[in-house]
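Student: Hey, got a minute to go through the sheets and helices in this one with me? I'll pull it up.

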Amino acid sequence: MLKQTPLNASHRAAGARMVDFGGWDMPVHYGSQIDEHNAVRTDAGMFDVSHMRIVDLEGVGARDFLLYALANNVDKLKEPGKALYSCLLKPEGTVIDDLIVYFLREDFFRIVVNAGTADKDIAWLRGLLATRARKLSLEPRTDLAMIAVQGPQARAKVWRALRGTEAATAALKPFVAKRVDSEWGELFIARTGYTGEDGFEVAVTGTKAAELWRALAAVGVRPAGLGARDTLRLEAGMNLYGQDMDENVSPLESGLAWTVDLASPRDFVGKAALVDHPSSRQLIGLVLVDKGGVLRAHQTVRTDRGDGEITSGTFSPTLNQSIALARLPTGVAPGEMVRVLVRDRELAARVVKLPFARNGKSLVPPA
Amino acid sequence: MNIPANLRYTASHEWVRSEADGTVTIGITDHAQGALGDLVYLELPEVGRKVAAAEACAVVESVKAASDIYASLAGEITGVNKPVAEAPEQVNKDPYGAWLFKLRPVEPSAIANLLDARAYEASIGDE
């Protein structure tokens, strides 16, 4: 029996092709994932992300606990509502998950974790709490649904659809969230996303989710599925846990060194394994130059410094060519050519800096 | 689900049409293009290539997956649809119009061994 979000009937009514996504019955597209991708890059699309898990950490000492538990430094969060992207690491320095944490009050931090890793993350955090901060409470908010509205028109359409939210969120800066009272109860509106476009991720009580979805559709926000979600995030150079990193690799070889604060004196889980341990591999972008297929996860990459492997690959509608993230030996640099084994042939690909696209436009120089 | 009655089908979701000149035209079904999603790459066989029945001789790639296309009947490739190879999305839009390749079968009567529309419909009902 697959798990369902409160929007399951809305997806089916919109003609979604549903798939089993890690035990969840989710929409992969509603007719054309390329059209949905383009709608997000040019206008506004919406994703049901209710399968992800919101977890509320409350109590005195919440900040201190997170300073220890997370690889990124929550002391960067001074303004209420401010968000931080971080990895959750094992003592060995490898990645348990990536997540976003919002500072709401000194005794209240909200964390959003991936769907497939939610149970694992919660068990891990509870284990840490038991030894370090028994007075804190960790509450998985399975009562909440979440809709990510993304695109250049996303915020304007959210304001049109959800009366009363504009005044409270017009001045919200990127990577900041706010709790807003509305006719659907309390909305948690965050100016965050997984597409490289502007927009809001809106959490609402599950029983009101379908109404919100309908209101957004009525002002022209296009339902977009997991297929478009993957092509959008890859164009934006954003990692996907389970593909681009997992418990076998460190953030330093996953393009996530920028999310690990090794500079401050605080101790955190995984720090000792990473300090003074530069990695011999890096995660970097590739664009396919030769015709012959699509770059995909696990394809071997041949470079002048040794072999590597693609971790995520797809066809980019915005670039109109195949793109990928690949774990390659350090030293391989943007502009260099590599060879990718696609079926039985070696196809030429060029190493590029991330992201591949931003604000609807390709950033990759022509060959 | 669109399954024209005048065509023959395979369990691997190719459609096959007999032509007056004795060749057959082959493409992929509406079911196949829906399952694959937006097609972005298409590789067709060389004209003149001799293929065995059920031999993989073409490749389609959608955003999410690569899929082999099979020859359906033993024979020789006599034509390929180059414009569709340049615009694979045509297969999603018009799977029965956007043919992929033509072949001259070694045994023309073998087409009768392929699934008819009703049998194909029953076979995908189980998927």
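**Sheets and helices**

Tutor: Sure. Keep in mind that this is a predicted model. In chain A, helix α7 (residues 209–218) lies across β3, β9, β12 (199–205) and β13, and runs at about 15 degrees to β9(A).

Student: Which strands of chain A does helix α2 lie across?

Tutor: Helix α2 of chain A, residues 33–42, lies across β3 (45–48), β9 (144–150) and β13. Its angle to β3(A) is about 115 degrees.

Student: OK, and what's the strand order in that chain A sheet?

Tutor: It goes β10-β11-β12-β9-β3-β13 in chain A, an open sheet of 6 strands with mixed pairing.

Student: Why is one side of β10 and of β13 in chain A left without a neighbour in the sheet?

Tutor: Because β10 (177–182) and β13 (222–223) of chain A are at the edges, and each has a single partner strand.

Student: How many bridges join β10(A) to β11?

Tutor: There are 6, and β10(A) runs antiparallel to β11 (residues 185–190) of chain A. As an example, A:Phe188 in β11(A) sits opposite A:Arg179.

Student: Switching to chain B. What's the order of the strands there, and how do they pair?

Tutor: In chain B, 3 strands make an open sheet, ordered β4-β6-β7, with antiparallel pairing. The edges are β4 (39–43) and β7 (66–70) of chain B, each paired on one side only. On average, neighbouring strands in this sheet are turned by 25 degrees against each other, direction ignored.

Student: And which residue in β6(B) is the bridge partner of B:Tyr41?

Tutor: That's B:Glu61. Overall, β4(B) and β6 (residues 56–62) of chain B pair over 4 bridges, in the antiparallel sense.

Notes: Residues are numbered from 1 along each chain as its sequence is written. Chains are lettered from A and ligands numbered from 1 in the order in which they are written. This is a predicted model: local features need pLDDT of at least 70, side-chain atom pairs count only at pLDDT 80 or more; totals for chains, interfaces and linings use all residues. Two strands pair if DSSP finds at least two bridges between them. Helices (H or I, at least four residues) and strands (E, at least two) are DSSP runs, numbered from the N terminus. Axes are lines fitted to C-alpha atoms, for helices over the stretch in contact, and angles run from 0 to 180 degrees between N-to-C directions. Two residues are in contact if their C-beta atoms, placed from the backbone, lie within 7 Å.
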